[in-house]
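This briefing is for a reader who is new to the structure shown below. It begins with one charged pair and then goes through the other topics in groups.

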Amino acid sequence: MTNEITIHLDINGKTHSLSVEPRVTLLDALRDHLALTGTKKGCDQGQCGACTVHVNGERVLSCLTLAAQAEGQKITTIEGLSDHGAELHPVQAAFLEHDAFQCGYCTPGQIMSAVACIREGHTGSDDEIREYMSGNLCRCGAYPHIIEAVREAAKVMS
Ligand code: FES
Ligand code: FES
């Protein structure tokens with residue numbers, strides 16, 4: 001017997017209605033129910049940051065958030081980051097320009113965190129960027145280029 005509930009999620013400016021079990025995470029709702037697979041599943045336990053999205057502009061680990069909890073909130077994923085459709089967000093452009101990825105698996109989460117880190121004003125020094133990006137792990141060790149990209153994107157966005 002299924003125990004599904006219908007929820008309405010506002011994602012990247014569009015409302016999606018979906019039927020899910022109450023325990024389904026926002027991450028699984030995005031990936032498995034809405035085919036928004038840009039948000040990655042690394043650990044599924046709140047430890048890697050690969051699943052980072054924005055809820056009302058704040059970064060959130062979607063693997064630790066129930067989809068139902070996100071109802072009525074404004075969710076942004078990597079697919080909706082750029083306001084201008086085809087144009088890249090300045091942080092995406094900086095990641096490309098500074099080679100801030102290797103396999104790319106952590107990259108969407110890094111970028112979502114970086115946007116929030118810049119908005120929060122935590123880019124005063126490389127150490128500060130490192131500290132506020134520390135929830136996002138990169139198994140490829142692309143950290144020096146990630147810091148560089150965040151530093152440069154912060155200049156463009158200021
Ligand atoms: S998948 Fe969510 S923190 Fe790793
Ligand atoms: S680029 Fe491979 S995990 Fe970060």
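Aspartate 127 and arginine 130 join their side chains in a salt bridge, with 2.7 Å between N and O. The two residues are three apart in helix 4 (residues 126-132), so about one helical turn separates them. The model is a predicted one, and it holds eight salt bridges.

**Salt bridges**

- Within the pair in helix 4, aspartate 127 counts as exposed because its relative accessibility, 53%, is over 50%.
- Its partner, arginine 130, is partly exposed, with a relative accessible area of 44%.
- Another salt bridge links arginine 23 with glutamate 21, where the closest N and O atoms are 2.9 Å apart.
- Arginine 23 is exposed at 65% relative accessibility, whereas glutamate 21 is partly exposed at 25%.
- Arginine 151 and glutamate 152 also form a salt bridge, and their closest N and O atoms lie 3.7 Å apart.
- Shared partners join salt bridges into one network made up of Asp126, Arg151, Glu152 and Lys155.
- Two members of that network are partly exposed: arginine 151 has a relative accessibility of 29%, and glutamate 152 has a relative accessible area of 24%.

**Strands 3, 4 and 5**

- Strand 3 (residues 52-55) and strand 4 (residues 58-61) run antiparallel and are joined by four bridges.
- These two strands form a hairpin with two residues between them.
- In the turn of the hairpin, asparagine 56 has a positive phi of about 50 degrees.
- Valine 53 has valine 60 in strand 4 as its bridge partner.
- Strand 3 is also joined to strand 5 (residues 74-76), by two bridges, and this pair runs antiparallel.
- Opposite histidine 54 stands threonine 76 of strand 5.
- Which residues of strand 3 are buried on its two faces? Thr52 and His54 are buried on one side, and Val53 and Val55 are buried on the other, so that both faces of the strand are covered.

**Nonpolar cores**

- In soluble globular proteins, nonpolar side chains tend to be buried together.
- The largest nonpolar core in this model has 23 residues.
- Val91, Phe95, Ile111, Met133, Ile146 and Val150 are the members that touch the most other members of this core.
- Helix 2 (90-97), helix 3 and helix 5 (143-157) are the elements that give two or more residues to this core.
- Isoleucine 111 touches Ile78, Leu81, Val91, Gln92 and Phe95, when residues up to four places away in sequence are not counted.
- There is a second, separate core of 16 residues, and its members include Leu34, Val53, Ala67 and Ala70.

**Threonine 25**

- Threonine 25 sits in the loop between strand 2 (14-20) and helix 1 (26-33).
- Is threonine 25 buried or exposed? Its relative accessible area is 13%, which is under 20%, so threonine 25 counts as buried.
- A polar atom of the threonine 25 side chain lies 3.1 Å from the backbone nitrogen of aspartate 28.
- Beyond its neighbours within four places in sequence, threonine 25 is in contact with Ser62, Cys63, Thr65, Leu66 and Ala67.
- One of these contacts, Ala67, is also a member of the second core.

**Arginine 119**

- Arginine 119 belongs to helix 3 (residues 107-119).
- With a relative accessible area of 52%, arginine 119 is exposed.
- His54 and Gly57 are in contact with arginine 119, leaving aside its neighbours within four places in sequence.
- His54 is also one of the buried residues of strand 3.
- Arginine 119 and alanine 154 are 35 residues apart in sequence, and their C-alpha atoms are 8.5 Å apart in space.

**Cysteines**

- How many disulfides does the structure hold? The structure holds zero disulfides.
- Cysteine 43 is partly exposed, with a relative accessibility of 26%.
- Cysteine 103 is exposed, with a relative accessibility of 56%.
- Cys63 is among the residues in contact with threonine 25.

Key
Residues are numbered from 1 along each chain as its sequence is written. Chains are lettered from A and ligands numbered from 1 in the order in which they are written. This is a predicted model: local features need pLDDT of at least 70, side-chain atom pairs count only at pLDDT 80 or more; totals for chains, interfaces and linings use all residues. Side-chain values use heavy atoms; hydrogens and water are left out. Buried means under 20% relative accessible area, exposed over 50%, partly exposed in between (1.4 Å probe, protein chains only). A polar contact is a pair of N or O atoms within 3.5 Å; within protein, one must be able to donate a hydrogen and the other to accept it, and residues adjacent in sequence count only if both atoms are side-chain atoms. Contact means heavy atoms within 4.5 Å. A disulfide is a pair of cysteine sulfur atoms within 2.5 Å. A nonpolar core is a set of buried Ala, Val, Leu, Ile, Met, Phe, Trp, Tyr and Cys residues joined through side-chain atoms within 4.5 Å. A salt bridge is a side-chain nitrogen of Lys or Arg within 4 Å of a carboxyl oxygen of Asp or Glu. Two strands pair if DSSP finds at least two bridges between them.
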